[in-house]
Amino acid sequence: MAHFRLKALEEVLNRKPEEFTREKNLVSDFYGKLAFDKPKMKKYLSKAAFNAVMEAIEKGTTIDRKMADQVAQGMKSWALENGATHYTHWFQPLTDTTAEKHDAFIVHGDEGRVIEAFSGKLLAQQEPDASSFPSGGIRQTFEARGYTAWDPSSPAFISETTLTIPTIFISYTGDALDYKTPLLRALHQVDKAATAVCQYFDKNVTSVKANLGWEQEYFLIDEALFKARPDLVLTGRTLTGHASSKDQQLDDHYFSSIPTRANRFMQDVENEAYKLGIPVKTRHNEVAPNQFELAPIFEEANLANDHNQLIMDIMQKIARRHKFRILYHEKPFAGINGSGKHNNWSLSTNTGVNLYSPGKNPKSNLLFLTFVVNTLKAVYDNQDLLRASILTASNQHRLGANEAPPAILSVFLGSEVSKMLDLMEESVVDRKMTPEEKTALKLNIGRIPEIILDNTDRNRTSPFAFTGNRFEFRAVGSSANNASALIVLNSVVAHQLNKFKEKVDAIIAKDVKKDEAIFQVLKELIINSKPIRFNGDGYSEEWVKEAKKRGLTNIRNVPESLSAYLRPENKRLFEGLGIFNEPELHGRVEVEYEKFIMKVQIEARVLGDLAINHIVPTAVQYQTMLLENVLRQKELFSEEEFEQLAGARKDLIKEVGGHISAIKSKRHDMIEARKKANVIEDTVKKAEAYDKKVKPFLDDIRYHIDKLELIVDNELWPLPKYRELLFVR
Ligand code: ADP
Ligand code: MG
């Protein structure tokens, strides 16, 4: 057994940084060469077709069949010129990966020959067999059909030899089966709601878009070592492994010089990303050994998320080219930092205003405060929904652990903005304000420094932080599709902005001036949302106590957290905005419960196998070595000498034996617990059983394995150790 590990280590010793084919020109010259972006559309489409696509992107209008035919022709010409032979609809089912089915362009031509063809119909819609994608019961088998439909707001691109078209994925009945459909709905709703509020301030605002800048964290592990760890291969995380004597204590990995092999991998990724028009910008070492981060320049949220999904796929492929495997799991190694995916999120108007940037005068600052305060209230009212959108079987190991956001939602605003909110709370009076009072307040509002970006006291411990010109939702998991978080975030903000507008309008209707009506409602929101504001250390024990006093929820288990989606008020919220109808919401939550159950089940099986087929035999082998040694000594030495020389060895034999017995009996109990859980019909109850009755065995069994790792002869140990996985590069 052990020779698998030792051979892997030997293989790693001979690694060299890999070469790859790099584009020769400046990035600005070849950027987007494999994407059917605006310049390409301009070149390959008729004016009418180009305008139709632009209008679809900007206003969400539909493109009719005739125009779609024209777009398809242009796209096909471009794709064929660039070596494409196939096309595919590319979509994001609820599996946490993307899906694609390639079809060749060829059709029968004359005289037994073939020709390349592509039409508006094929561009607009495809019918993949949907029966193997999770739907949570939405899709009955008698209507297994699912449809993908073109999303013109995200440019098609060429991947290898395939023209790849971003699409939504819906059932025969039109229900969403993916992440993109509800994301587009949520973005539309936040656009509508924010635009209406902006109209109080500027009639020229006719649309608002949400922006996303994701920061993708990941680990790179050498492929030989990875393959020698069945747990990494099958679950994406280590289910056993004693801590390395040194890991991140010295803080010597964060921002340190990037190891050459990893650096070469990153360059390769960037080279591919630029060809596809993905604006990746930042690369650096993260806190844990062999942990890294990649971040782009932010883009419109739907496009940015497609780009994140795409780059996750590309990184996986390119990692192999460099003899690495990439880990997106939120907590691949116990005891050191896990990986997240900070979602930097903001709203900006068609007039070019970032609604989370303080402005130059009282009016634009009031606009800024309006959006900050409404966001605050949205997060406060919907803590549980936001948590449900990010808490998964894998992310639950990270939240609340080493340097990761806690499972308590709170908002960090920084001192400048906090002061401003306090001031508003004090200065807005309950009776009609005098002109002097109003002027004084406006003057104060005008005093927010225009650039607070650099002097917001950076707080890395907040799950939802204001960072000068945007909010950063930091609790999102590294393996997640950001859409899950963005659907909820944009929905709850839209919902809150709608309520705000209703209230302000109602006050204006009572003959109160607009600015005063806004002041009044903002004051009320500031007071009501106060418990969610927290500028202190979110990682501390005191905060857990304080948050409890404030009535904030702290839920760390997935089944309980997921139930938030189905509360009556939340169903109403989603249905009211048209994000999810009832079957869609139920289906989606069902899928999440199932995913949770299956992930814990797989981990339990893998650990059971490792324990019995890898660890116990190794421990027995070592124990036998010890026994033989002791027996020989007994033959050779006097009773007294023997006790002196081999007494401790006898204890060691007992210790090894104790761990072996514990592993065996706990594994037995774990299987019994699984059997009991498996016969539970109700998905929620089954998930709870997996969470409460099965999952704890993972830690229990691991404890004994990790102890054995410290005792057993290093030469015999079958699984690459933490120090090897984390420090070999
Ligand atoms: P950090 O200091 O948190 O690592 P960076 O400056 O590297 O942050 O930026 C993180 C991400 O935030 C980048 O993708 C960046 O483009 C994005 N970002 C910057 N400004 C905004 C904004 N107004 N809205 C959304 N994302 C933004
Ligand atoms: Mg950040």
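Into which domains is the protein chain divided? Before selecting anything, keep in mind that this is a predicted model. Colour the protein chain by three residue ranges to begin the tour: domain 1 covers 31–178, domain 2 runs over 187–580, and domain 3 takes in 595–727.

**Stop 1: from domain 2 to domain 3**

Select domain 2 and domain 3 together and place a marker at the centre of each, taken over C-alpha atoms; the two centres are separated by 41 Å. The contact between these domains draws 23 residues from domain 2 and 28 residues from domain 3. On the side of domain 2 that touches domain 3, highlight helix H9 (230–235) and helix H19 (558–562), each of which supplies at least two residues. Of the elements on that side, H9 gives the most, with four residues. If you then colour this side of domain 2 by residue class, you will find twelve nonpolar, eight polar and three charged residues.

**Stop 2: the surroundings of ligand 1**

Now centre the view on ligand 1 and display the 14 residues around it, among which Gly213, Phe298, Asn344, Ser346 and Arg470 come nearest. To see which strands take part, show strand S9 (208–222), strand S11 (291–296) and strand S14 (341–349), since each supplies at least two residues of the shell around ligand 1. Coloured by class, the shell around ligand 1 shows five nonpolar residues, seven polar residues and two charged residues.

**Stop 3: helices H7 and H16**

Next, select helix H7 (residues 180–198) with helix H16 (residues 483–508), whose axes come within 8 Å and cross at roughly 25 degrees. Because angles under 35 degrees count as roughly parallel, H7 is roughly parallel to H16. Looking along the crossing, you will see that H7 passes H16 in a left-handed sense. For the side chains, display from H7 a set including Lys180, Leu183, Leu187, Val190 and Val197, and from H16 a set including Ala483, Leu486, Asn490, Leu497 and Lys501, which belong to the residues that meet between these helices. By class, the contact of H7 with H16 consists of 16 nonpolar, four polar and two charged residues.

**Stop 4: helices H21 and H23**

Move on to helix H21 (residues 582–636) and helix H23 (residues 683–711), which pack with their axes 9 Å apart and at an angle of about 25 degrees. These two helices, H21 and H23, are therefore roughly parallel to each other, and H21 passes H23 in a left-handed crossing. Colouring the contact of H21 with H23 by class gives 18 nonpolar, two polar and five charged residues.

**Stop 5: helices H14 and H17**

Finish with helix H14 (residues 415–427) and helix H17 (residues 514–528), where the axes come within 9 Å and the crossing is at roughly 120 degrees. H14 and H17 are therefore oblique to each other, and their crossing is left-handed. Which residues of H14 meet H17? Select Leu421, Met424 and Glu425 in H14, and then Leu522, Lys523, Ile526 and Ile527 in H17 as the residues that they meet. The contact of H14 with H17 contains five nonpolar residues, no polar residues and two charged residues.

Technical notes: Residues are numbered from 1 along each chain as its sequence is written. Chains are lettered from A and ligands numbered from 1 in the order in which they are written. This is a predicted model: local features need pLDDT of at least 70, side-chain atom pairs count only at pLDDT 80 or more; totals for chains, interfaces and linings use all residues. A residue is near a molecule or strand if its C-beta atom, placed from the backbone, lies within 6 Å of it. Ala, Val, Leu, Ile, Met, Phe, Trp, Tyr, Cys and Pro count as nonpolar, Asp, Glu, Lys and Arg as charged, and the others, Gly among them, as polar. Domain bounds come from an automatic or database domain assignment. Two residues are in contact if their C-beta atoms, placed from the backbone, lie within 7 Å. Axes are lines fitted to C-alpha atoms, for helices over the stretch in contact, and angles run from 0 to 180 degrees between N-to-C directions. Angles under 35 degrees count as roughly parallel, over 145 as roughly antiparallel, 65 to 115 as roughly perpendicular and the rest as oblique. A crossing is left-handed if the near helix is turned anticlockwise from the far one by less than a right angle, and right-handed if clockwise.
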